[in-house]
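User: I would like a close look at a single part of this model, followed by an account of how that part sits within the whole. Please take the sheet as the starting point and work outwards from there.

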Amino acid sequence: MNIKLLKILLLLCMTINAYAGVWNSPHDTKKVKTETLFSSFSLPPKRLDPVVSYSSNEWAIIGQIYEPPLQYNYLKRPYELEPLTLTKMPTISYLDKEGNRVDESSTEVVFSEYRLDLRKDVRYQDHPSFVKDSEGRLVYGVLTENELETIHSLDDLKKTATRLLVASDYAYAIKRMAVRQNHSPILDSMQEYIVGLEEFSKEISKIAKEKKKSEQTLDLCPYTISGVKVIDDHTLTIKIKGRYPQFLYWLSMNFFAPIPWEADLFYQQRGLIAKNLTLNWFPVGTGAYYLAENNPNKQMRLVVNPNYHSENYPTLSKEESERSNVPKELLKDAGKKLPFIKEIIYSLEKENIPLWNKFLQGYYDASGISSEAFDQAVQITSTGNMGLSDEMQEKGIELKGSVQPSSFYLAFNMVDPVVGGYSESAKKLRQAISIVQNQEEYISIFTNERGIAAQGPIPPGIFGHEKGKEGTDSVIYDWVEGKRVRKSLVVAKKLLAEAGYPNGVSEKTGNPLKLYYDTTATGPDDRSLMDWRRKQFDKLGIQLVIRATDYNRFQDKVRKGKAQLFSWGWNADYPDPENFLFLLYGGNAAVNTNGAGINSSNYQNPEFDRLFDEIKTMKNSPLRMKKIKEMVEIAREDTPWIWGIHPKSLALSHKWYTNVLPHAMANNTLKYKRIDAKLRAQKQQEWNQPVLWPLFLLALFMISMSYPLYRAYQSRQRAVIKGDN
Amino acid sequence: MFAYIVRRILYAIPILIGVNLITFILFFMVNSPDDMARAQLGAKQVTPELIQSWKEDKGYDKPLFINSEAGGVSTVTNTLFVQESLKLFSFNFGFSDANRDIGSDIKERMVPSLAIALPTFMIALITNISLALLLVLFRGSALDTSMMIIAVMIMSVSGLFYIIAGQVLFSKIWHWVPISGYESGWSGIKFIILPVMIGVFAGIGSGVRWYRSIFLEQINQDYVRTARAKGLSELRVLFGHVLRNGMLPILTGVVVVIPTLFMGSLIMESFFGIPGLGSYTIDAINSQDFAIVKAMVFLGSVLYIVGLILTDISYTLFDPRVKLS
């Protein structure tokens with residue numbers, strides 16, 4: 001009987017196996033066979049409003065939906081801007097005080113005017129907010145209580161429509177930025193540049209406050225900013241105070257993406273807000289994709305925008321592709337219509353282990369490399385080169401790496417009485433400490449070689465960064481036989497003695513030098529890092545006291561200039577040296593700006609500041625390079641930071657996911673990528689066949705146990721009857 | 001009984017005010033409104049003006065408990081504590097600091113939490129009781145001893161180990177179920193199997209030991225002897241009499257847990273990518289979203305109080321001697 005049962009079980013398992021294919025697929029099997037990208041997010045975005053969002057996880061989504069006027073060329077290196085919704089790059093005119101045009105080099109330049117000429121074929125995604133009745137009124141502009149009762153998602157609004165992008169949509173976005181209640185992080189910095197924005201912001205914020213009180217919607221269309229002019233439906237000018245060449249980079253960011261007034265008013269309806277249907281969560285853009293599903297607790301789904309304007313995969317000349325070092329396979333699609341991928345599904349994955357295993361099973365198309373998975377994924381050769389492990393190579397996985405335009409450093413508080421100041425002895429103390437911080441060892445131990453030791457504030461890939469001997473910090477390193485060699489401990493000790501601390505003991509007080517390092521690294525995993533930090537200072541006989549604190553207190557101390565030593569970092573907003581050098585500009589010192597300044601080490605050198613004022617409005621040129629070099633040399637000499645690392649990002653992708661090229665600046669890169677769905681489905685089948693023998697074993701165990709248990713029960717029953725319990 | 005329930009509900013009001021007060025004090029001891037603004041607005045370009053506008057918009061510009069600038073009753077009522085607490089008592093949780101309606105989010109997240117917690121609870125209850133009765137049946141035998149040793153071993157291992165081991169074994173090596181994920185409806189069953197199985201297994205050690213001790217207390221009672229004397233089989237004695245009489249202590253521990261099932265499990269939901277309520281509070285604490293923290297603490301307290309009232313009521317159902325007055 002048991003053999004018969006076993007046969008039935010075997011047949012059942014075989015049947016299930018034959019029909020179900022793989023059992024462990026987390027995705028819809030139909031979608032796996034289409035050009036759908038499966039990706040993940042670990043932290044749900046807090047908001048998807050282009051004037052507010054400022055985090056990489058938010059930009060990764062809205063970058064595909066909204067279209068600012070400019071974008072970065074996907075393939076060209078160094079990074080280069082190109083028109084996105086414009087017919088050509090903005091034309092810049094220079095004006096004097098009276099508004100007359102003057103030459104760019106003129107000393108009378110008071111304003112710069114950016115003229116934006118829009119393409120005439122850019123349309124928004126289909127959306128209910130655009131639907132109008134025969135008399136031109138918005139159908140869903142004012143929803144009644146009865147209508148609202150039946151609306152739980154945007155899909156419940158059956159009608160949708162689209163319209164052309166017009167210049168006033170960009171003006172509307174800038175006006176939205178000006179409304180204080182929208183909390184745009186760049187409003188205060190843009191007020192310094194866009195003419196009339198500050199006055200407009202004050203006025204409109206008052207109006208917004210009143211409207212909110214009286215529960216009225218705020219239509220920004222009737223209001224105007226003096227420096228932002230809509231010439232016609234396809235032309236816009238933005239007037240900037242003085243020269244500000246970096247403004248072009250801002251024009252490639254989502255803050256300047258167009259907002260249709262219909263959508264803004266539609267989403268201001270209180271009934272929709274109560275259902276979490278807001279512009280913050282359901283964007284309306286002209287981009288290659290639209291957000292078809294937004295459940296930040298589970299899944300977000302982008303679907304190709306059927307109204308997307310014509311755009312082709314970039315074409316590079318031979319010279320450009322050689323200069324940019326672009327692999328040949330990335331040029332195959334040159335001139336082809338974008339986008340290639342039809343749908344993108346982001347699923348919430350909070351933990352690294354399931355994420356990594358799903359990637360290995362082929363259920364995610366790409367993955368980062370967490371520290372837990374590093375040894376499984378990557379092997380480092382004897383020459384120090386990084387390559388894929390054999391297991392990854394067998395699966396056809398590809399590794400892409402690039403140095404990020406970021407700087408992580410250990411800052412000295414320059415207003416601190418011990419480590420701060422600009423005297424010779426203070427400089428020598430900081431230089432001595434810098435020499436003994438073995439960043440190469442740090443990179444090897446704590447980052448798995450994912451970074452390069454910094455020589456200054458400017459990371460690779462940004463104008464002003466230099467390689468080789470020219471790019472070496474001669475205060476910390478010697479250039480020996482074509483290589484950087486960190487100066488010896490003897491040199492550091494000599495500097496320390498000259499600073500007044502021979503062997504780490506103060507000449508003045510006779511006490512050992514004790515320094516304080518503030519950190520938020522309080523977990524058990526951080527202990528080894530803190531031990532390593534102490535060890536570096538111990539080389540000089542300096543006692544390092546670790547002051548672990550929570551992030552709020554830490555930030556507070558840094559803002560008030562009360563921390564002595566601390567680690568900090570910066571990711572580039574745009575690829576310009578100004579975006580890094582301003583971290584050392586005296587005018588941005590935290591203590592001088594009530595904690596708002598970005599210069600958290602409070603460094604202030606008049607010569608450095610003077611040069612910064614010059615280079616910040618200059619175009620890239622040999623003269624600018626010369627001045628930047630001077631600034632970096634000044635900073636190296638003063639040593640307000642211990643140059644830390646420029647991190648390297650590593651990403652893995654399956655071989656069916658192609659056209660993948662890391663781009664640290666662009667956010668709208670999904671439209672260039674491709675998926676070979678057939679190969680993916682085949683590999684998923686191959687890698688995930690269910691293993692059935694444990695099921696048979698389990699069934700066998702249960703069957704074999706049932707009889708002894710039955711006998712044991714009978715014997716127990718007999719014992720009870722005998723009164724032997 | 002009605003009067004008793006009303007009285008218990010009235011007792012709950014000062015408890016909830018107290019819980020809310022403690023939540024306010026503890027939260028604002030660690031986070032200032034400025035810190036909260038920074039956490040919401042990001043690390044870059046956060047100016048004092050931006051922080052001030054955020055505080056005004058969210059109402060965090062008001063004093064916490066005493067508004068000395070407002071005269072009369074407003075000194076107390078025009079404060080953050082009173083304004084926010086009053087809304088809670090009408091179950092209006094308001095909007096999170098990221099501008100999402102908290103009530104809608106709770107409703108949405110409660111379903112996935114329940115989808116895991118309810119089957120885990122039910123299957124675990126049935127399995128643990130059945131196994132405990134089986135061990136009581138074979139009490140003193142090698143089976144009983146070895147099962148007790150296994151139960152202690154199961155209890156001694158961290159739940160996290162079972163999660164990771166389960167994911168590796170059943171999904172990565174044997175490819176039976178997805179490693180993580182969630183779908184609503186019938187198509188979502190494949191995602192639920194593994195977390196439920198792990199949840200049941202992880203609780204088996206403590207559950208079986210506890211129920212076994214309850215049933216062992218009953219097994220030598222006079223009514224059991226009488227039942228046997230009437231010629232009832234051991235299975236009928238155990239399931240018909242011992243189980244029923246052992247229900248009272250079981251109810252004490254079980255009914256109180258039922259309402260809190262809505263709150264989900266943090267680790268389980270994190271590892272299996274289940275969009276439930278388990279991680280909602282922790283995520284809110286990490287992002288310093290006070291609106292969510294106070295709503296979840298309040299909801300947790302309400303559910304716990306409901307659980308206690310339900311326990312009292314259930315006593316009367318299983319033991320006629322107990323009367324609520």
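Which residue stands opposite A:Met300 in S11(A)?

Analyst: The residue opposite A:Met300 in S11(A) is A:Tyr346. The model is a predicted one, and what follows should be read with that in mind.

The pair belongs to the ladder between strand S10 (residues 299–304) and strand S11 (residues 343–348) of chain A, two strands that run antiparallel and are joined by five bridges. On its other flank S10(A) pairs with S9(A), again in the antiparallel sense, and here over six bridges. One of the bridges in this second ladder links A:Tyr289 to A:Val304 of S10(A). S9(A) and S10(A) also make up a hairpin, with three residues between the two strands.

These ladders are part of an open sheet of four strands in chain A, whose order is S1-S11-S10-S9 and whose pairing is mixed. Strand S1 (36–41) and strand S9 (289–295) of chain A are the edge strands, and because each has a single partner strand, one side of each is left without a neighbour in the sheet. From one strand to the next, the twist averages 15 degrees. Helix H3 (residues 56–65) of chain A packs on this sheet, where it touches S1, S9 and S10 of chain A, and its direction makes about 135 degrees with that of S9(A).

A general point is useful when reading side chains off such a sheet. In a regular strand, side chains alternate between the two faces of the sheet.

The surroundings of A:Ile344 lead from the sheet to the interior of chain A. Leaving aside residues up to four places away in sequence, A:Ile344 touches A:Leu37, A:Ser39, A:Tyr289, A:Leu302 and A:Leu670. A:Ile344 is also named, together with A:Tyr170, A:Ala173, A:Ile174, A:Met177 and A:Ala178, among the residues that touch the most other members of the largest nonpolar core, which has 94 residues. Helix H5 (residues 167–178) of chain A gives the most to this core, contributing eight residues. There is a second, separate core of 55 residues, and A:Tyr517, A:Ile542, A:Phe566 and A:Tyr585 are included in that one.

Another position worth following is A:Tyr72, which is placed in strand S2 (residues 70–72) of chain A. With 22 other C-beta atoms within 10 Å, A:Tyr72 counts as buried, because 20 or more are needed for that label. Apart from residues up to four places away in sequence, A:Tyr72 touches A:Tyr79, A:Glu80, A:Leu81, A:Ser252, A:His663, A:Met665 and A:Ala666. One of these contacts spans a long stretch of the chain: A:Tyr72 and A:Met665 are 593 residues apart in sequence, yet their C-alpha atoms are 7.3 Å apart in space.

For chain A as a whole, among contacts with a separation of 6 or more, 71% are between residues 24 or more positions apart. The secondary structure of chain A comprises 24 helices and 25 strands, and 39% of its 725 residues count as buried. Along the principal axes, the C-alpha atoms of chain A fill a box of roughly 100 × 80 × 60 Å. Chain A is divided into domain 1 (2–21 + 690–721), domain 2 (62–280) and domain 3 (406–649). The C-alpha centres of domain 1 and domain 2 of chain A are 67 Å apart.

Beyond chain A lies its contact with chain B, to which chain A gives 46 residues and chain B gives 46 residues. On the chain B side, helix H2 (33–41), helix H3 (48–58), helix H6 (102–137), helix H8 (159–173) and helix H13 (266–272) each supply at least two residues. H3(B) provides the largest share of that side, with six residues. By residue class, the side of chain B that touches chain A divides into 18 nonpolar, 16 polar and 12 charged residues.

Chain B is itself divided into domain 1 (2–89) and domain 2 (107–318), and the centres of these two domains, taken over C-alpha atoms, are separated by 36 Å. Their contact takes 15 residues from domain 1 of chain B and 12 residues from domain 2 of chain B. H1(B) gives the most to the domain 1 side of this contact, with nine residues.

How values were computed: Residues numbered from 1 in each chain as written. Chains lettered and ligands numbered in written order. Predicted model: local features only at pLDDT ≥ 70, side-chain atom pairs only at ≥ 80, totals over all residues. Buried ≥ 20, exposed ≤ 12 C-beta atoms within 10 Å, placed from the backbone. Contact = placed C-beta atoms within 7 Å. Nonpolar A, V, L, I, M, F, W, Y, C, P; charged D, E, K, R; others polar. Pairing = 2+ DSSP bridges. Axes fitted to C-alpha atoms, helices over the stretch in contact; angles between N-to-C directions. Domains from an automatic or database assignment. Core = buried A, V, L, I, M, F, W, Y, C linked by C-beta atoms within 7 Å.
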